[in-house]
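Biologist: I would like to learn how to read a cavity and a loop residue in a model. Can we work through a case together?

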Amino acid sequence: MSTSTSPSQPSPDPAPTEPRGAASRRELNKAATRRAIIDSTLALLRQNGPGNFTVEDIAEAAGISRRTFFNYFSSTEAAIASVTNGFLDSALEQFRRRPADEPILESARAALVELADPMTVAPLAELFGLTQGNPLMARSELEAWDHCTEQIVAAARERTGQGTGADRDELYVRALAGSVISCGKAAMDVWFRRCGPDMSPESLAILRQLLIDSMGLLGSGFASPAPQSPESSAKPSTRNAERS
């Protein structure tokens, strides 16, 4: 008996494809591995200090092979820098959700406000504290902030619809990105001088507010702020209540 398919019969099913959920499972597994590497890096940084652990140490702590580590990061410094990059990625995601006709700096400030939980800045704050005054971390921190600058440049171009052609456009987006990064670093410096390595929710709330206020200063052209007492400046909620 013939097994050929007649014209009236449906065509054979296409070759089986990978279940739709398989790709998402792979992505989840990759995200979990990346998270394990970052968490293990931070744990070793807390325990041993900068420069006192290796890729092999991170891989062992994360339960992966050395080869797998290099599938995600090029060095221990890159794994450490990813903490800073991770916070920026969250902020940029909020930035891109803002109205396209909103001033860029207002969008930047609003994006930070949207990160409502002070704990969102915890990894960034802890890394900043752990690496202060350590020359070994200077290059890593510089690379992380440079990466942040390029990410902000890209986001600003998306908002303004600018390419890389005109020098004036390039000056605008790069001056903007550099100013945002400088304000962010200033907020981190002020917070650390004020709170030190304190990672309590109250301390992290102060850092988050300082980041928001730094964007406000930039947006206002650094208009001179009204004089404040040390007590009011240390408490964002009190300061905001006094202004209202």
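The dialogue below takes up the cavity, then one loop residue.

Modeller: Keep in mind that this is a predicted model.

Biologist: How many cavities of 30 Å³ or more does the structure hold?

Modeller: A cavity is a space where a probe fits but cannot get out. The structure has one cavity of 30 Å³ or more. The largest cavity encloses about 400 Å³.

Biologist: Which residues lie nearest the centre of the largest cavity?

Modeller: Leu88, Ala91, Leu112, Ile152 and Val180 lie nearest the centre, out of 25 lining residues.

Biologist: Which helix gives the largest share of that lining?

Modeller: That is α4, with six residues. At least two lining residues come from each of α4, α5, α7 (138-160), α8 (167-195) and α9 (201-219).

Biologist: What classes of residue make up the lining of the largest cavity?

Modeller: Nonpolar residues number 22 and polar residues three. No charged residue takes part in the lining.

Biologist: Now the loop residue. Where is Arg98?

Modeller: Arg98 sits in the loop between α4 (76-96) and α5 (104-114).

Biologist: Why is Arg98 called partly exposed?

Modeller: Partly exposed covers the range between the buried cut-off, under 20% relative accessible area, and the exposed one, over 50%. Arg98 is partly exposed because its relative accessible area is 25%.

Biologist: Which residues does Arg98 touch, leaving out those up to four places away in sequence?

Modeller: Arg98 touches Ser107, Ala110, Glu114 and Arg159. For a backbone distance, take Ala108, ten residues from Arg98 along the chain. The two C-alpha atoms are 8.9 Å apart.

Note on methods. Residues are numbered from 1 along each chain as its sequence is written. This is a predicted model: local features need pLDDT of at least 70, side-chain atom pairs count only at pLDDT 80 or more; totals for chains, interfaces and linings use all residues. Side-chain values use heavy atoms; hydrogens and water are left out. Helices (H or I, at least four residues) and strands (E, at least two) are DSSP runs, numbered from the N terminus. Buried means under 20% relative accessible area, exposed over 50%, partly exposed in between (1.4 Å probe, protein chains only). Contact means heavy atoms within 4.5 Å. On a 1 Å grid over the protein atoms alone, a cavity is a set of points where a 1.4 Å probe fits but cannot get out, and a pocket is an open set with protein on both sides within 12 Å along at least five of seven lines; lining residues have an atom within 4 Å of a point. Grid points are joined across faces, edges and corners, and a volume is the space filled by probe spheres set on the points. Ala, Val, Leu, Ile, Met, Phe, Trp, Tyr, Cys and Pro count as nonpolar, Asp, Glu, Lys and Arg as charged, and the others, Gly among them, as polar.
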